[in-house]
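Here are my notes on this model, written as numbered points you can follow with the structure open beside you. Take them one at a time and find each piece as you go.

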Amino acid sequence: MPEELVLARAGDSEALDPHVTTASYSEQVMSLIYDPLVTMDFEGNFSPGLGKEWQVNDAGTEWTIELNDGISFHNGDAFTADDVVFTYNRLLNKPALLKWAVGPMSGVEATGENSVTFTFDEKYAPWNTYSSYGGYFGIIPRGPVEADEDAFAANPVGTGPYKLDEWVRGDHITLTRNDEWSTPHSPEIESEDAPLPKKITFRVIPEELPRVQALLSGDVDILLARDFPQRELSTIQDDSGTTAEVFTSNNAGYVAFNVQQAPTDDVTVRKALAHAIDKERIIEDIYQGLGAENWVPFSENLLGWAGEDVRDQLGYEFDPEKAGQLLDDAGWTMDGEFRSKDGERLTIDIVSTNTPPPRVQTAEEMVSMFADVGIEAELTTYEYNTAYDEFGKGESNVMYGTVSWFDTDIVNFLWGSANAGASNLSFLEDPEVDEMIAKGATSIDAEEREAAYRELQLKVMEMCPCQPVMTYEQATGLQTAVQNYKQHPSLLTPVYHDVTLDE
């Protein structure tokens, strides 16, 4: 059994409470601390997790899950139906960023010593998928959370394969193997004594070159895909001690426009900004070609992706001349170097994270692209989590965002009115859009669901709340000594449980 698996990433977790964060740096850790109610295998089939079997009523609005017994939390407390009820009631009632993901769930209650019933106002298609995702939808223990929520977010307790050993903010998080882990898990985890590494350490290495050098020198075993520097792909592939696995990800990048803040509250200005962005230049020059141009802000891996329809019907291709014409139409005419209207200069505020470097470079390139069509752009960078907090205040115009998800219900996260100013970076609030989002989520038939989402994308993108840029081709850097590393093909989450390290 390997003693320790060391992973390199650019940033630190924000919190380790799944109801207070959607940060991917937090999810990477939480997915190992918490267990889901059910598991999804690599073929997309569902099998037992904390729940061992489930029944659905004929209307599809009541789900009763029988729970496995004999499972304990890391602190020794028994896992019970009360913890499941507490977890989902907290998600329903707390102003959490992921409340949208339980859709029309109206209640949850213990209906037996070891059973829980979830009630929905309507059928809800993504429920199975979400209940299989431990990172954000794992079960948390009632006692420690009620005792001190802030303390729990810094020192969490789950039933999962690993438990928190040490968290040095800004430097590393170390997890140790849960020797008592007995939750049923994916059949693709083949070890008879999973999980294998005794420790998993997430090291924070903000700068690209030191991160790559740590992999090449053997100081870290895995360079996580989210922070893999694309320009160093050949360096890692050509080194005898390292390799890289490249895949089309569920991660998409897009430029969000605040539709409520002048001057981006004007759809004509937003369309001009969209035409001013050279997506090919961003993909080729900054991301070294590791990406496919996109026309909606989520991956083409997802059901009902309508990027090509949006491209064919709405365009928004790179066209500085058209951008200038649109700005003229909106009354913003050239006045020296920049445009003005009624004596006011056309100025927008861009917010960016200060890591990873490609995000900053993309924001800097946008400043130049906007200047080319007469728009003055003022860029401010912040530490990763702070940047989102600042943009959420609604006082800025533009931010480059990324979203990685595995179900098309992500449209709620991106465009739902309830999420405006949080995950909905465009601040879009539209009742008709909300109804269309709900239609997609409650359509159990796959063809109906796909049609609903396609219609929605065309409706929203006509409003131009963002300029989608790309779906990322991502790479994970690995020491050649790392054996049996897997990645879930649907959830696109790493599976470390079988990993061994050759000497």
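**Notes on the strands and helices**

1. Let's start with one small pairing: T333 has S340 in β15 as its bridge partner. Keep in mind throughout that this is a predicted model. The strands involved are β14 and β15 (residues 338-341), which pair in the antiparallel sense over three bridges.

2. Now zoom out a little. β14 and β15 belong to an open sheet of three strands, ordered β14-β15-β16 and paired antiparallel. Which strands stand at the edges? They are β14 (333-335) and β16 (344-345); each has a single partner strand, so one side of each has no neighbour in the sheet.

3. Next, look for an open sheet made of four strands, again with antiparallel pairing, in the order β4-β5-β7-β6. Watch the order here, with β7 sitting between β5 and β6. β4 (51-56) and β6 (105-112) are the edge strands, and each has a single partner, so one side of each is left without a neighbour in the sheet. From one strand to the next, the twist averages 20°.

4. Stay with β6 for a moment. Strand β7 (residues 115-120) runs antiparallel to β6, and six bridges join the two. If you want one pair to click on, try M105, whose bridge partner in β7 is F120. There is a helix to find here too: α2 (residues 81-93) lies across β5 (62-67), β6 and β7, and runs at about 170° to β6.

5. For a hairpin, go to β8 and β9, which have three residues between them. In the turn, G170 has a positive phi of about 80°. Strand β8 (residues 162-168) and strand β9 (residues 172-177) are antiparallel, paired over six bridges. Within that pairing, W167 has I173 in β9 as its bridge partner.

6. On to helix packing. Helix α9 (residues 267-276) packs with helix α12 (residues 320-329) at an angle of about 165°, and their axes are 8 Å apart. Why call them roughly antiparallel? Because angles over 145 degrees count as roughly antiparallel, α9 gets that description relative to α12. The crossing is left-handed. On the α9 side, the contact is made by T268, V269, K271, A272, H275 and A276, and on the α12 side by P320, K322, A323, L326 and L327. Sorted by class, that contact has seven nonpolar, two polar and two charged residues.

7. Set that beside helix α11 (residues 307-314) and helix α17 (residues 446-463), whose axes come within 10 Å and cross at roughly 40°. That angle makes α11 oblique to α17, and the crossing is right-handed. From α11, G307, D309, V310, Q313 and L314 meet R454, Q457, L458, M461 and E462 of α17. These contact residues divide into four nonpolar, three polar and three charged.

8. Last, some rings. How many aromatic pairs does the structure hold? There are 20. One of them is Y133 with F406, a tilted pair at 4.6 Å centre to centre, with 45° between the planes. This pair links distant parts of the chain, with its two residues 273 residues apart. You'll find Y133 in the loop between α3 (127-130) and α4 (134-137), and F406 in the loop between β19 (398-404) and α15 (410-415).

How values were computed: Residues numbered from 1 in each chain as written. Predicted model: local features only at pLDDT ≥ 70, side-chain atom pairs only at ≥ 80, totals over all residues. Heavy atoms only, no water. Axes fitted to C-alpha atoms, helices over the stretch in contact; angles between N-to-C directions. Parallel < 35°, antiparallel > 145°, perpendicular 65-115°, else oblique. Left-handed = near helix turned anticlockwise from the far one by under 90°. Contact = heavy atoms within 4.5 Å. Nonpolar A, V, L, I, M, F, W, Y, C, P; charged D, E, K, R; others polar. Pairing = 2+ DSSP bridges. Phe/Tyr/Trp six-rings, centres within 6.5 Å; stacked < 30°, edge-to-face > 60°.
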